[in-house]
Amino acid sequence: MALDFLAGCVGGAAGVLVGHPFDTVKVRLQVQNVEKPLYRGTFHCFQSIIKQESAFGLYKGIGSPMMGLTFINALVFGVQGNTLRALGKDTPLNQFIAGSAAGAIQCVICCPMELAKTRMQLQGTGEYKLKTKNYKNSLDCLIKIYRKEGLRGINRGMVSTFIRETPSFGFYFLTYDCMTRYLGCEAEDSYVIPKLLFSGGMSGIVSWLSTYPVDVIKSRLQADGVGGITQYNGILDCIRKSYHDEGWRVFTRGLTSTLLRAFPVNAATFATVTVFLMYMRSEEDLRECEPGPAIQQPSSL
């Protein structure tokens with residue numbers, strides 16, 4: 001179990017390194033002012049950030065997801081595995097329920113982590129060198145938010161995060177299980193790694209598509225108040241005002257960069273986990289950890 005946990009953490013770290021630039025672009029596009037937009041689209045946003053803020057600008061706020069990585073992996077894979085065992089039968093419905101339970105519980109860490117990440121990503125927008133630096137790092141960001149707004153401020157966007165994560169993780173684990181079973185991902189298969197890369201990438205895409213509009217609302221709520229201006233009174237008010245000002249397309253803003261990120265992030269995570277376990281375990285250990293004819297989750301490779 002300790003080795004599975006460590007492998008998940010290493011794989012998750014690889015996923016964060018690969019995917020964080022795409023996430024920065026996604027957040028910038030989601031929260032930019034529609035009347036005075038800074039970016040024309042995903043690729044223009046990439047180019048602008050690199051030109052104006054250097055390549056390091058794409059990695060603003062990476063400390064926050066890295067800090068919460070260990071706890072999130074422990075919660076997600078631990079809760080999903082234990083819930084599935086408690087349900088007693090490995091069925092598609094139980095896979096969805098177990099994944100949803102994991103997604104719901106990890107919101108406790110995910111919400112503050114993403115709040116800090118969003119605030120850090122928006123800091124110094126369009127500046128090569130920050131003229132004013134409100135937050136030194138993600139931890140400093142959370143501390144300052146807590147001092148100013150208390151626990152409520154730290155948990156800004158918690159409800160929208162819960163609405164997003166619960167079904168999203170359900171679809172993620174369900175899709176992953178179905179894909180690995182369909183492709184026949186068994187430990188002795190010489191093509192197991194490419195199959196897992198594809199399965200993980202597709203699972204990430206499906207999970208994001210299932211709840212993406214909620215993610216737009218979450219980002220807007222967590223970014224609200226930056227610069228001293230508060231626009232929204234809650235989720236419904238944010239939905240109403242966003243739709244009124246920008247139409248239905250606002251709920252797909254940043255989707256391209258998100259989907260571009262989803263596949264390589266999950267692919268990198270699964271590949272890293274696989275290689276790590278291949279070096280750390282014997283072939284006999286790998287076979288013993290197989291849940292059945294198909295591999296069910298990243299931590300059981």
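**Entry 1: ground rules**

Contact, as I use the word here, means heavy atoms within 4.5 Å. I am working from a predicted model, in which local features need pLDDT of at least 70 and side-chain atom pairs count only at pLDDT 80 or more, while totals for chains, interfaces and linings use all residues. Residues are numbered from 1 along each chain as its sequence is written, and side-chain values use heavy atoms, with hydrogens and water left out.

**Entry 2: the chain as a whole**

I began with the secondary structure and found eleven helices and zero strands in the chain; helices (H or I, at least four residues) and strands (E, at least two) are DSSP runs, numbered from the N terminus. Read along the sequence, the pattern is accordingly α-α-α-α-α-α-α-α-α-α-α. I then looked up burial: of the 301 residues in the chain, 52% are buried (under 20% relative accessible area, with exposed over 50% and partly exposed in between; 1.4 Å probe, protein chains only). For the contacts between residues at least 6 apart in sequence, I noted that 76% join residues at least 24 apart.

**Entry 3: Asp 215**

I went to Asp 215, whose place is in helix α8, and asked myself whether Asp 215 is buried or exposed. Asp 215 proves to be buried, with a relative accessible area of 0%. Leaving aside residues up to four places away in sequence, I listed Lys 26, Gln 30, Arg 164 and Trp 208 as the residues that Asp 215 touches. I also noted Phe 251, which is 36 residues away from Asp 215 in sequence and 8.5 Å away in space, C-alpha to C-alpha.

**Entry 4: Gly 19**

Next I turned to Gly 19, which is found in helix α1 (residues 2-31) and is buried with a relative accessible area of 0%. Which residues does Gly 19 touch, not counting those up to four places away in sequence? I found Arg 261 and Val 265. For Val 265 I also took down the backbone spacing: its C-alpha atom is separated from that of Gly 19 by 5.2 Å, although the two residues are 246 residues apart along the chain.

**Entry 5: Ser 54**

I then checked Ser 54, which has a positive phi of about 75 degrees although it is not a glycine. Ser 54 has its place in the loop between α2 (42-53) and α3, and at 16% relative accessibility it counts as buried.

**Entry 6: helix pairs**

Axes here are lines fitted to C-alpha atoms, for helices over the stretch in contact, and angles run from 0 to 180 degrees between N-to-C directions. Under 35 degrees counts as roughly parallel, over 145 as roughly antiparallel, 65 to 115 as roughly perpendicular and the rest as oblique.

I looked up α5 (residues 107-122) against α8 (residues 192-223), and found an angle of about 70 degrees with the axes 9 Å apart, so α5 and α8 are roughly perpendicular to each other. From α5, Cys 111, Glu 114, Leu 115, Thr 118, Arg 119 and Leu 122 meet Lys 218, Ser 219, Gln 222 and Ala 223 of α8. Sorted by class, this contact of α5 with α8 has four nonpolar, three polar and three charged residues (Ala, Val, Leu, Ile, Met, Phe, Trp, Tyr, Cys and Pro count as nonpolar, Asp, Glu, Lys and Arg as charged, the others, Gly among them, as polar).

For α5 and α6 (residues 138-154) I found an angle of about 120 degrees and axes 10 Å apart, and the two helices are therefore oblique to each other. Here α5 contributes Pro 112, Leu 115, Ala 116, Arg 119 and Met 120, while α6 contributes Ser 138, Cys 141, Leu 142, Ile 145, Gly 153 and Ile 154. By class, I have eight nonpolar, two polar and one charged residues in the contact of α5 with α6.

The pair α7 and α8 packs at an angle of about 170 degrees, with axes 8 Å apart, which makes α7 roughly antiparallel to α8. The contact of α7 with α8 has 14 nonpolar, 13 polar and four charged residues.

**Entry 7: nonpolar cores**

Last, I looked for nonpolar cores, meaning sets of buried Ala, Val, Leu, Ile, Met, Phe, Trp, Tyr and Cys residues joined through side-chain atoms within 4.5 Å. Which residues make up the largest nonpolar core? I listed ten in all: Ile 72, Val 76, Phe 77, Val 79, Ala 102, Cys 110, Met 113, Phe 169, Tyr 172 and Phe 173. The elements giving two or more residues to this core are α3 (63-87), α5 and α7 (158-183), and α3 supplies the largest share, four residues. Apart from this core lies another, of eight residues, including Leu 115, Met 120, Tyr 135 and Ile 154.
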